[in-house]
Amino acid sequence: MKLSRSTRRYPTQARTLANTYERKLLKLIAGFGKAAAAALEQGLGPARSLEAGPGVDVEALIWDAWGDPSRIVEYQPAGWRELGYYDGYEEWVSEGRVWEDEYIAYDHPRPPRYLEPTSFQIAWFVQQLKVLAEREITAPGTRITQQATLAAFRQGTTFGETVLVTVGISSKLGEGPADARVIDALQARNLTTLEGISSELNKAIIRSLTDGLNAGEGVVKLRKRLMKEVEGIGLNRARLMAHTETMHACNEGAKVRYRQVGIEQVQWLTAKDDRLCDRCAPLDGTVYDIDKAPPCPLHPMCRCTLLPVAGGAR
């Protein structure tokens, strides 16, 4: 079967759909991250602060404010640079910690703010994350997944009808009960996947924040921990979901059309570029019974699809 160059690079021509789906999911995750960070700062409560100017004795400043310089205090970076050291310790304090018996002289373009650590109820924050996940991800994500799945399925049926013509079969059946059943299943699968991402993300955030709280970290570092999980798990998983589930829906749409016209065998088709992986390359051109073909897509971000086999129809 002769296919165009663009089709060989992205067989179902669903790249635009996948990219659009990705952008929408990433926006949801980013919104959740922003809301979670705000809740974290709310949970930590208002911090007492002190302003430190040029050449200030930080130790004396802390003594005057709280009477105990051994308590770790955290700053919000303000574009300062270190000028001197105490007792030979050549350690930059850019990590944001001021320790007992430390005396540092600073030159500040503008004063940094030293924050007193505050109490934090992790159980309260767990509940907040659940509420935020529903509000920022699941609720708006329901409509997004439904629309994206339907568009990908229809792209798949269009692809299926197009390649059926190349084997001498004309199919313009339109959507029927069989299509509706598959669409419902695909939409449920996508929503469940999105819910799984938000659940995994929340668990990772709680684990990381618990470690940070046990280490005595303050709001600055705890917020960094939270955003690291949002970017590492939330955004990456959403990106994988968008592209993988788009291809899955496309391929299911194509198979619905194949079955409707009696196709019994399909041929594996890989994308043809430098992104072709070692798992998929050996399968290119392999013929399978339509109900016994390996899962397609075969792995996350897979672009493979299935073609109808000429003569493989009843």
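Trainee: Why is L222 called buried?
Mentor: In this predicted model, L222 has a relative accessibility of 1%. Buried means under 20%, so L222 counts as buried.

Trainee: Where does L222 lie, and which residues does it touch beyond its neighbours within four places in sequence?
Mentor: L222 lies in helix α6. Its contacts, leaving aside those neighbours, are L40, L44, L209, G212, L213 and E217. A contact here requires heavy atoms within 4.5 Å.

Trainee: How far apart are the C-alpha atoms of L222 and S208?
Mentor: They are separated by 8.3 Å. Along the chain, L222 and S208 are 14 residues apart.

Trainee: What can you say of M227?
Mentor: M227 is also placed in helix α6. With neighbours within four places set aside, M227 is in contact with G33 and A37. Its C-alpha is 8.6 Å from that of I205, and the two are 22 residues apart in sequence.

Trainee: Why is V261 called partly exposed?
Mentor: The relative accessibility of V261 is 22%. Buried ends at 20% and exposed starts over 50%. The value falls in between, so V261 is partly exposed.

Trainee: Where is V261 found, and how far in space is it from L164?
Mentor: V261 is in the loop between α6 (219-260) and β7. V261 and L164 are 9.2 Å apart, C-alpha to C-alpha, with their positions 97 residues apart in sequence.

Trainee: What makes W124 and F125 an aromatic pair, and what kind of pair is it?
Mentor: Their ring centres are 6.4 Å apart, and the cut-off for pairing is 6.5 Å. The planes are at 35°. Stacked needs under 30 degrees and edge-to-face over 60. The angle meets neither condition, so the pair is tilted.

Trainee: Are these two rings buried or exposed?
Mentor: F125 has 0% relative accessibility and counts as buried. W124 has 30% and counts as partly exposed.

Trainee: Why is the pair of W268 and Y288 called edge-to-face?
Mentor: The planes are at 70°, and the rule asks for over 60 degrees. The centres are 6.4 Å apart, which is within 6.5 Å. So the pair is edge-to-face.

Trainee: What does the pair of W268 and Y288 tie together?
Mentor: W268 lies in strand β7 (residues 265-269) and Y288 in strand β8, so the pair ties together parts that are 20 residues apart in sequence. Both W268 and Y288 are buried. By the pairing rule, the count comes to 2 aromatic pairs.

Trainee: What makes the peptide bond between C296 and P297 worth a remark?
Mentor: The bond joining C296 and P297 is cis, with omega about 10°. Most peptide bonds are trans. P297 is found in the loop between β8 and β9 (305-308).

Trainee: What is the phi of M301?
Mentor: Phi of M301 is near 70°, a positive value in a residue other than glycine. Most residues other than glycine have a negative phi. M301 is placed in the loop between β8 and β9. Its relative accessible area is 29%, so M301 is partly exposed.

Trainee: Which residues line the second largest pocket, and how do they divide by type?
Mentor: The lining consists of V126, L129, K130, A133, E134, T138, E195, S198, S199, N202, K203 and I206. These residues divide into 4 nonpolar, 4 polar and 4 charged. The pocket's volume is about 160 Å³. Helices α4 (122-165) and α5 (177-214) each supply at least two lining residues.

Trainee: How confident is the model over the protein chain?
Mentor: The mean pLDDT is 77, and 71% of the residues score at least 70. By element, strand β3 (residues 81-82) has the lowest mean, 33, and strand β8 (residues 287-289) the highest, 95.

Trainee: Where does the pLDDT stay under 50?
Mentor: One such stretch is residues 46-56, with 34 contacts beyond four places in sequence in the model. Another is residues 61-118, with 139 contacts beyond near neighbours.

Trainee: How many helices and strands does the protein chain have, and what percentage of its residues is buried?
Mentor: It has 6 helices and 9 strands. Of its 314 residues, 44% count as buried. Among contacts with a separation of 6 or more, 80% join residues 24 or more positions apart.

Methods:
Residues are numbered from 1 along each chain as its sequence is written. This is a predicted model: local features need pLDDT of at least 70, side-chain atom pairs count only at pLDDT 80 or more; totals for chains, interfaces and linings use all residues. Side-chain values use heavy atoms; hydrogens and water are left out. pLDDT is the predictor's confidence in each residue, from 0 to 100. Helices (H or I, at least four residues) and strands (E, at least two) are DSSP runs, numbered from the N terminus. On a 1 Å grid over the protein atoms alone, a cavity is a set of points where a 1.4 Å probe fits but cannot get out, and a pocket is an open set with protein on both sides within 12 Å along at least five of seven lines; lining residues have an atom within 4 Å of a point. Grid points are joined across faces, edges and corners, and a volume is the space filled by probe spheres set on the points. Ala, Val, Leu, Ile, Met, Phe, Trp, Tyr, Cys and Pro count as nonpolar, Asp, Glu, Lys and Arg as charged, and the others, Gly among them, as polar. Rings of Phe, Tyr and Trp (its six-membered ring) pair if their centres lie within 6.5 Å; planes under 30 degrees apart count as stacked, over 60 as edge-to-face and the rest as tilted. Buried means under 20% relative accessible area, exposed over 50%, partly exposed in between (1.4 Å probe, protein chains only).
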